[in-house]
Structures are given as C-alpha cells and as structure tokens.
Amino acid sequence: MKKYKIGAIGGDGIGPEVLNEGKKVVEAVSKGFGIDWVDYPYSGAHYLKTGEILPDHAIEEMRKLDAIYLGAIGHPELKPGIIEQGLLLKLRFALDQYINLRPVKLYDNVPCPLANKGPKDVDFYVVRENTEDFYVGIGGTFREGFEEESAYQIGIATRKGCRRAIKYAFELAKRKKRNRVTMCDKANVLTHVYGLWRRVFAEVAKDYPNVETEYSFVDAITQWFVRKPEWYQVIVVPNMFGDIITDLAAAIQGGMGLAPGGNINPEGVSMFEPIHGSAPKYTGMNVINPIACILAGSMMLEEIGEQKAADAVENAVAQILKEGKVLPKDLGGKAKTMEVGDVVAKRAAQLLSQ
Ligand code: IPM
Ligand code: MN
C-alpha cells in the first residue's frame, strides 16, 4: 500500500485545533493508501519557549516529505515578522514553493456579503507568485532612531520567476477548463518589475491561443471583485498584491473560515494551509471554523495524486454547508470545531465508498 509521509505543523493559536480536524478528514478518506504524519512543534510559542524557530535539519528532513500540512502561525507576544519570516516564508523559499494557489469558491448556502451574487458568480482561482516581489527581504534601515532615519525595501521580479507562475496559471486554466487568464499588477507605476511581468505574460500567452487574456491593475481589480466577480476565472498576480487581493477574495467566498491555500512546488514538496491566521483570542475554545484547513487538506490530496479522496473531501464540505445543519459560529451555527470535523470526515468517507 502506498504510504505518504506528511509533515504536520499545528503552529500557534487555533492552528493546532483546525489542523487536528484537517488530519481527521484526510485520514477518513485514506482508503487504498496510508498517511504517516510527522509532527513538528515549530511555532511562535515554541520559539518563545526554546529560542528555536526552524532549524536547518528540520528543513532538510522536510525535503524528503510528500507534503506539509500547516495550521496557522503568529503569536501576539512576538514582534511582527519574526515567526512569519523565520518559519512560513523560510519554508516557502527553502522548498521553492513558487506558487501560492488560492481557489475562491462560494459554496451553496454560504452567506455572501455581495448583493445579488451566488455560487455561480464566485468561482475562480488566484495564482499568486510566492517567492519574489517585495517578499525577498532585500532592504535596509539607515540612522535608526534619528530624525533622519530612512528605510528602503525593494521588490524583485525575475524572468524565470514570473514565467513559471504565469505558465502554471495557463496550465491550471487548461486543467480546470477555464478560458480566461487575467494578469493583475500595477504596471502603470511600478513599470520595471511589472513591466517585466507583462512582457513575459505576453510571451507565455502565445502558447495558449485558445485562452483569452487581459490585464487588470490591482486597485481596479479590488472593485471588480465586488461588482463583477463572475468575470474572473484564473488570475495570476505577483506576491504582495496576491496576498492582499486574496483576503478580499476570501471575504466574497464567505469569509476567512472557508479559504484554503497551497504553497506549491510542482516538482518538489508543497505545503497546504488555511489562509487565515492564528486567531489567538479563540485559542482552545473549540469554536473556530476548520473548513478552510479541511479544504487545504483536499488540495493537498489532489497535489499528491489522490484525486478521488480530494473530491470526496470537497464534496462532503459542499454538502454539509448546503444542508446547513452543522455550521460553525462564523456561518451562523453553533457547531464546535470538532463537530464540524467529525461530520465532514464521516460524510467524506461515505462519499468515497459509494
Ligand atoms: C498569507 C499570510 C502571509 C503572507 C504572512 C503571514 C507572512 O498573510 O499567507 O497570506 O503574507 O504571505
Ligand atoms: Mn495574507
């Protein structure tokens, strides 16, 4: 029997709680294959206790995994940036997870904040480049603490980096039977970095004559997400703008509790996580919606090649949401985190055995 070795990083706050539900569901659909979980303690809390963020030996070990499943990181007692850079971004960069794939899908019966929009209107993919742009960490601070203090930070785009993200977006469009790819940028102001993106986009697009293409500025796209989400099919976007527009996109798909993401290296080890944070004030209360993390588990199953199991999980989530009997607090219900996990796990297993 095929066995997958999957790293599990619960992280901080509600991260371990949602990850437990995710693992439960993944296990429930593990038929014909098995999972060996490798649990890792890394988190903001672990750093505060031990001084260790993410040791090199752990990264080396993770290179041999089939995937990584992550809850959430972020600790209120830590200065912003330490754990984000030392753990999450470090892994994305070290494992060269150059795609951050964020499906944006409004499921039946999930309240949408947009007037007169329903599931058929909100169903697209954001392909966020994940290893370049303003996330590279190049910059400096000069005369810190003085009135003359100055700081700079720069974004990088490489031909290889944009090409592989853009190519992934077109291939995804083909695979998911979508016929339009939108390039989202700010090429009217940041002419150098996003000028390069546009040149590469035009080059890659030539290989996909049946796919419609367009450009949209990032400021404009935010209002179009609200006014006309049904227009979008696949969007390819540089790292930082991708971070911003996917929080907005999460809101129109019913909230952060429903939005999964995958940090993907198609040739290497990918990492799946809900896109929400660690929500420290809800820690241990068993009230957080685990569906984003569960859907991230479905994406993980798809990426490792277990499409049937992946579909069973997604369909189970869709059914439970549609029935509306077991809903977590953020969706207006009373179900606890663990109950949602239980009911999705049970349904997914049933769907798989049908
Ligand atoms: C995300 C998060 C991260 C990002 C943070 C925690 C570094 O906001 O995954 O969207 O900016 O990529
Ligand atoms: Mn974000």
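A salt bridge is a side-chain nitrogen of Lys or Arg within 4 Å of a carboxyl oxygen of Asp or Glu. Keep that in mind, and remember as you click around that this is a predicted model.

**Stop 1: a small network**

Select Glu21, Lys24 and Asp342. These residues are linked in a network of salt bridges. Now zoom in on one link: the side chains of Lys24 and Asp342 meet at 2.6 Å, N to O. Which parts of the chain does this pair link? Lys24 belongs to helix H1 (residues 15–28), while Asp342 belongs to helix H11 (residues 337–353), and the two are 318 residues apart. Turn on the surface if you like. Asp342 is partly exposed, with a relative accessible area of 42%, and Lys24 is partly exposed too, at 27%.

**Stop 2: two more bridges, both starting from helix H5**

The general idea first: side chains of opposite charge can pair when their charged atoms come close. By the rule above, the whole structure has 21 salt bridges.

Select Arg159 and Glu203. Their side chains meet in a salt bridge at 3.0 Å, N to O. Arg159 is in helix H5 and Glu203 in helix H6, and 44 residues separate them along the chain. Arg159 counts as partly exposed, at 35% relative accessibility, and Glu203 counts as partly exposed at 33%.

Next, pick Arg175 and Glu302, whose side chains form a salt bridge at 3.4 Å, N to O. This one links helix H5, home of Arg175, to helix H9 (residues 291–304), home of Glu302, across 127 residues of chain. Arg175 is partly exposed at 45% relative accessible area, and Glu302 is partly exposed at 26%.

**Stop 3: rings on rings**

Time for aromatics. The structure holds 10 aromatic pairs. Select Phe170 and Tyr208 to see one that is stacked, with 4.9 Å from centre to centre and 20 degrees between the planes. Phe170 sits in helix H5 (residues 159–175), whereas Tyr208 lies in the loop between helix H6 (191–205) and strand S9 (212–217), 38 residues apart.

Are these two rings' residues buried or exposed? Phe170 is buried because its relative accessibility is 0%, and buried means under 20%. Tyr208 is buried as well, with a relative accessible area of 6%. Now add Phe201 and Tyr215 to your selection: together with Phe170 and Tyr208, they form one aromatic cluster.

**Stop 4: charges over rings**

Show Lys23 and Trp37. The charged end of Lys23 sits over the ring of Trp37, 5.3 Å from the ring's centre. Then jump to Arg128 and Tyr135, where the charged end of Arg128 sits over the Tyr135 ring, 5.1 Å from its centre. Don't deselect that second pair yet, as the next stop uses it.

**Stop 5: ligand 1**

Select ligand 1 and what surrounds it. Which residues are around ligand 1? They are Glu84, Leu88, Arg92, Arg102, Arg128, Tyr135 and Asp243. Now look for oxygen atoms on the ligand. A polar side-chain atom of Arg128 lies 2.8 Å from one of the ligand's oxygen atoms. In the side chain of Arg102, an N or O atom is 2.9 Å from an oxygen atom of ligand 1. Asp243 also has an N or O side-chain atom 2.9 Å from an oxygen atom of the ligand.

**Stop 6: a buried glutamine**

Go to Gln233, in the loop between helix H7 (218–227) and strand S10 (234–237). Gln233 is buried, with a relative accessible area of 16%. What does its side chain reach? Draw a line from the Gln233 side chain to the backbone nitrogen of Asn179 and you get 2.8 Å; to the backbone nitrogen of Arg180, you get 3.5 Å. Leaving aside residues up to four places away in sequence, Gln233 touches Phe124, Tyr125, Arg178, Asn179 and Arg180.

**Stop 7: two positive phi angles**

Finish with some backbone. Lys177 has phi near 55 degrees, a positive value in a residue other than glycine. Find Lys177 in the loop between H5 and strand S8 (180–185); Lys177 is exposed, with 72% relative accessible area.

Asn109 has a positive phi too, near 75 degrees. Look for Asn109 in the loop between strand S4 (99–105) and strand S5 (123–129). Asn109 counts as partly exposed, at 48% relative accessibility.

Methods: Residues numbered from 1 in each chain as written. Chains lettered and ligands numbered in written order. Predicted model: local features only at pLDDT ≥ 70, side-chain atom pairs only at ≥ 80, totals over all residues. Heavy atoms only, no water. Helix = DSSP H or I, 4+ residues; strand = E, 2+ residues; numbered from the N terminus. Buried < 20%, exposed > 50% of the residue type's maximum accessible area, 1.4 Å probe, protein only. Polar contact = N/O pair within 3.5 Å; in protein donor to acceptor, adjacent residues only side chain to side chain. Contact = heavy atoms within 4.5 Å. Phe/Tyr/Trp six-rings, centres within 6.5 Å; stacked < 30°, edge-to-face > 60°. Lys NZ or Arg CZ within 6 Å of the ring centre and 35° of its normal. Near = heavy atom within 4 Å.
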